[in-house]
Amino acid sequence: MTDLYGAVFQNVLYPGWESGLRQRPTLAHLEQLERSQWCSFDELRAIQLTALRKLLDHAYQHSPHYRRGFKARELRPADIRTIDDICKLPLLTREEATDSFEDRMSSAEPLPRIRKMTSGTTGRPLAFAYDAGSEYWRQATKLRGYGWAGYRPGDRSLHFWGSIAAVQSPPLNKKVKAALDHLVRREHYIDCSDHSEEALSNVVRRLRDLRPKVMVCYARAGAALARHIVETKSRHWEDTVVISAAERLFPADRDVMTEAFGPGIFDTYGSREVMLIAAECEAHQGLHVSMENLAVEIIVREGDTERPAVPGELGEVVVTDLHNYGAPFIRYVNGDLAVAMPVARCACGRALSRLQRVEGREMDTLRDGEGRPIGGMFFSVLFSVLADRVRGFQIVQRKDRSIDLKLVPGRMFDDSLLEMVKRNCEKAIPGVDLRTHVVSDIPIEPSGKSRVVVVEN
């Protein structure tokens, strides 16, 4: 139940700021999404097609990369008559997305106002951008997806999340702005990279003192915390909703989270490039795809051909961001693997397409000196902010649990970086010997992919 402050924030403060003072359409988009989620599947596909046609018209006229792609296949935007016709367009691999970054940018409004970078699961940094309009859709989509778990803006929340502060300290004005924003929203952040008994006990104390309505966490970090709570019998609070993100949520991890926090465990799937791709609803029967903001395909590539994966079949995730006009992602192969469910209304009543599971976020599991599992997402956070200094990386854990960290230097690399990286890694994976190696390149697997984390068995 929302308390008095939460009700005031949600009904007065947040709308007054977002829609009134800032004149942003985020909440208008949210109202639209909350209506459209109850549409039929055919109606949702019609919404997608309308958005896709607008995007393709813009990309054809204002993005050199996509204009060449259309011409190479002797296509024009008008040739995409149904949402299924999207398969006529070429795929955009991660490597192509990296190499074509500037070429994909729009030459006309809306221009890419927001630029970010991610290391993802391949170890090679990817720069990407999007316009302000896309940001509003992303935030509205997140509000709806998190809302299925019962989380509303202004609810007291604990975010057991990755921190980049130890790696890249933001300017003072940004620190103050972020701190005030978190204070008003009642968002409390704790760095999840340290899984020591002392660190986890400190998180438990914060949970007891704060008593949040919701905890948002990395899947592996949330599972480590849950196991600590169960093993130490330290739960002394009412049920807490848990929103799991950033990594695959395994059944065993869900079970221990349920034991520690209660039955309200909600899985989500997203990526830094497009934000929330899919989220679990209250029925817990798969993850609903954010169809109004993204066109998500699950495909199987066989040689030079591709086909849609049948429901229940593992395939590659291909994403089209329907509202990013600034630097479009059209048929972007994000490197993840997933399984789609048959088209049918969920028990919750929504007809949004669903994913049965997502497997592509799973990295090999590292172990600290005491054998505790450590999620590889820590390294993605660490190196995403060092992209100008580290061009690629790979972590190899040997049979004796020692670690060899290979770094491909970037243009701003210097030797002082090695000590900083080692210090942060030793904090995240205590009790193991860590060796750093500067290398010219990371070998590619026979499959054509590079592995970020390799664990010797």
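**Entry 1: helix α10**

I started with helix α10, residues 219-232, which has 14 residues and reaches 20 Å from its first C-alpha to its last. That is close to the 20 Å expected at 1.5 Å a residue. I should jot down that I'm looking at a predicted model.

How much of α10 is buried? I found 10 of the 14 residues buried, so α10 is largely enclosed by the rest of the structure. The buried ones are Ala219, Arg220, Ala221, Gly222, Ala223, Ala224, Leu225, Ala226, His228 and Ile229. Next I looked up what covers them: the cover includes strands β3 (157-161), β5 (214-218) and β6 (241-245), plus helices α9 (197-210) and α11 (251-261). Just after α10 I noted lysine 233, which takes a positive phi of about 50 degrees.

**Entry 2: helices α7 and α2**

I moved on to helix α7, residues 132-147, and picked out serine 134 there. Buried or exposed? Serine 134 is buried, with a relative accessible area of 0%. I then checked what serine 134 is in contact with, leaving aside neighbours within four places in sequence, and got Asp321, His323 and Asn324.

Tryptophan 137 also caught my eye, as it is found in helix α7. Its relative accessible area is 10%, and since buried means under 20%, tryptophan 137 counts as buried. Not counting residues up to four places away in sequence, tryptophan 137 touches His29, Gln32, Leu33, Asn293 and His323. I tried a distance too: tryptophan 137 and arginine 357 are 220 residues apart in sequence and 24 Å apart in space, C-alpha to C-alpha.

That sent me to helix α2, residues 26-36, whose buried residues are Thr26, Leu27, His29, Leu30, Leu33 and Ser36. What covers them? The cover includes α1 (4-21), α3 (41-62) and α7.

**Entry 3: cysteines**

How many disulfides does the structure hold? I got 0. I wanted to know why cysteine 217 has no bond: its sulfur is 8.3 Å from the closest cysteine sulfur, in cysteine 192, and that is too far. The cut-off for a disulfide is a pair of cysteine sulfur atoms within 2.5 Å. Cysteine 425 is in no disulfide either, and its nearest cysteine sulfur, that of cysteine 192, is 14 Å away. Both cysteines turned out to be buried: cysteine 217 is at 0% relative accessibility, and cysteine 425 has a relative accessible area of 2%.

**Entry 4: the nonpolar cores**

I looked up the largest nonpolar core and found 27 residues in it. Those with the most contacts inside it are Leu44, Tyr269, Ile277, Ile298, Val317, Val319 and Leu355. Which strands feed this core? At least two residues each come from β8 (275-280), β9 (287-289), β10 (294-302), β12 (314-321), β13 (332-340) and β14 (354-358). The largest share, 4 residues, is from β8.

Apart from this core lies another, of 26 residues, and I spotted Phe160, Val203, Leu225 and Trp237 among them.

I zoomed in on isoleucine 277 as well. Not counting residues up to four places away in sequence, isoleucine 277 touches Tyr269, Gly270, Ser271, His288, Val289, Ser290, Leu294, Val296, Val319 and Asn334.

Then I followed the pairings of β14. Strands β9 and β14 pair in the antiparallel sense over 2 bridges, and leucine 287 stands opposite leucine 355 in β14. Strands β13 and β14 pair in the antiparallel sense too, over 3 bridges. There I found valine 339 opposite arginine 357 in β14.

**Entry 5: a four-stranded sheet**

My last stop was an open sheet of 4 strands, in the order β19-β18-β17-β20, with mixed pairing. Which strands stand at the edges? They are β19 (434-438) and β20 (453-455); each has a single partner strand, so one side of each is left without a neighbour in the sheet. I noted that the twist averages 20 degrees from one strand to the next.

Strand β17, residues 390-397, runs parallel to β20, and 3 bridges join them. I saw isoleucine 395 opposite valine 453 in β20. Finally, I looked at helix α13, residues 416-428, which lies across β17, β18 (403-409) and β19. Helix α13 runs at about 145 degrees to β19.

Definitions and conventions. Residues are numbered from 1 along each chain as its sequence is written. This is a predicted model: local features need pLDDT of at least 70, side-chain atom pairs count only at pLDDT 80 or more; totals for chains, interfaces and linings use all residues. Side-chain values use heavy atoms; hydrogens and water are left out. The expected span of a helix is 1.5 Å times one less than its number of residues. Buried means under 20% relative accessible area, exposed over 50%, partly exposed in between (1.4 Å probe, protein chains only). Contact means heavy atoms within 4.5 Å. A nonpolar core is a set of buried Ala, Val, Leu, Ile, Met, Phe, Trp, Tyr and Cys residues joined through side-chain atoms within 4.5 Å. Two strands pair if DSSP finds at least two bridges between them. Axes are lines fitted to C-alpha atoms, for helices over the stretch in contact, and angles run from 0 to 180 degrees between N-to-C directions.
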